[in-house]
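Please find below my notes on this structure, set out as numbered points for you to follow alongside the sequence and the coordinates.

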Amino acid sequence: QFARRVRVGDVPERHLRFAVRHEAARTVEDVLARRSRVVFLDAQMAAAMAEEVAVLMADELGRDVEDLSGFRNLAERYRTLPIPDDHEPPRSQQPQH
């Protein structure tokens, strides 16, 4: 059988599950900051993905869905950091064609 090609934001679901199963990721921050680095590349997208990632992790770990207030605060801090003039805007802020 072929694996489903489901994406959470910009990250394939299988990468998120791999992080939980084989890399001991235990929090949404762990997945979206340390494993996929999405929060550093596009904090707005990371914040939008957080709930879906938390549900996926709860399923993988057999636990309740994580409280996301701390992660949302972190993502907001990254979103408001100054960006150098020569930096391309995150995908979530680029015009759609």
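1. I begin with Leu41, which is found in helix H3, the run of residues 38-41. The model is a predicted one, and in it Leu41 has a relative accessibility of 62%, so that it counts as exposed, the cut-off for that word being over 50%. Leu41 also belongs to a nonpolar patch on the surface, which it forms with Phe40, Tyr78 and Leu81, and these residues together present about 380 Å² of accessible area.

2. Turning to the helices, H2 (residues 28-35) and H4 (residues 43-61) pack with their axes 9 Å apart and at an angle of about 125 degrees. The two helices are therefore described as oblique to each other, since an angle over 145 degrees would be needed for roughly antiparallel and one of 65 to 115 for roughly perpendicular. The crossing in which H2 passes H4 is right-handed.

3. How many salt bridges does the count come to? The count is eleven, where the criterion is a side-chain nitrogen of Lys or Arg within 4 Å of a carboxyl oxygen of Asp or Glu. As general background, side chains of opposite charge can pair when their charged atoms come close.

4. One of these salt bridges joins the side chains of Glu60 and Arg17, with an N to O distance of 2.4 Å. Because Glu60 lies in helix H4 and Arg17 in helix H1 (residues 13-22), this pair ties together parts that are 43 residues apart in sequence. Arg17 has a relative accessible area of 18% and is therefore buried, as the limit for that term is under 20%.

5. Within helix H2, the side chains of Asp30 and Arg34 meet in a salt bridge at 3.4 Å, N to O, and these residues stand four apart, which is about one turn of the helix. Are the two partners buried or exposed? Asp30, at 11% relative accessibility, counts as buried, whereas Arg34, at 49%, counts as partly exposed.

6. A further salt bridge is the one in which the side chains of Glu66 and Arg63 meet, at 3.8 Å from N to O. Glu66 counts as partly exposed at 22% relative accessibility, and Arg63 is likewise partly exposed, with a relative accessible area of 34%. Elsewhere, salt bridges that share partners join Glu13, Arg17, Arg21, Asp59 and Glu60 into one network, so the Glu60 and Arg17 pair described above, which ties together helix H4 and helix H1, should be read with that network in mind.

How values were computed: Residues numbered from 1 in each chain as written. Predicted model: local features only at pLDDT ≥ 70, side-chain atom pairs only at ≥ 80, totals over all residues. Heavy atoms only, no water. Patch = residues over 30% accessible without salt bridge, like charges linked within 9 Å, V, L, I, M, F, W, Y side chains within 5 Å. Areas by Shrake-Rupley, 256 points an atom, 1.4 Å probe, with all protein chains shown as cover. Buried < 20%, exposed > 50% of the residue type's maximum accessible area, 1.4 Å probe, protein only. Axes fitted to C-alpha atoms, helices over the stretch in contact; angles between N-to-C directions. Parallel < 35°, antiparallel > 145°, perpendicular 65-115°, else oblique. Left-handed = near helix turned anticlockwise from the far one by under 90°.
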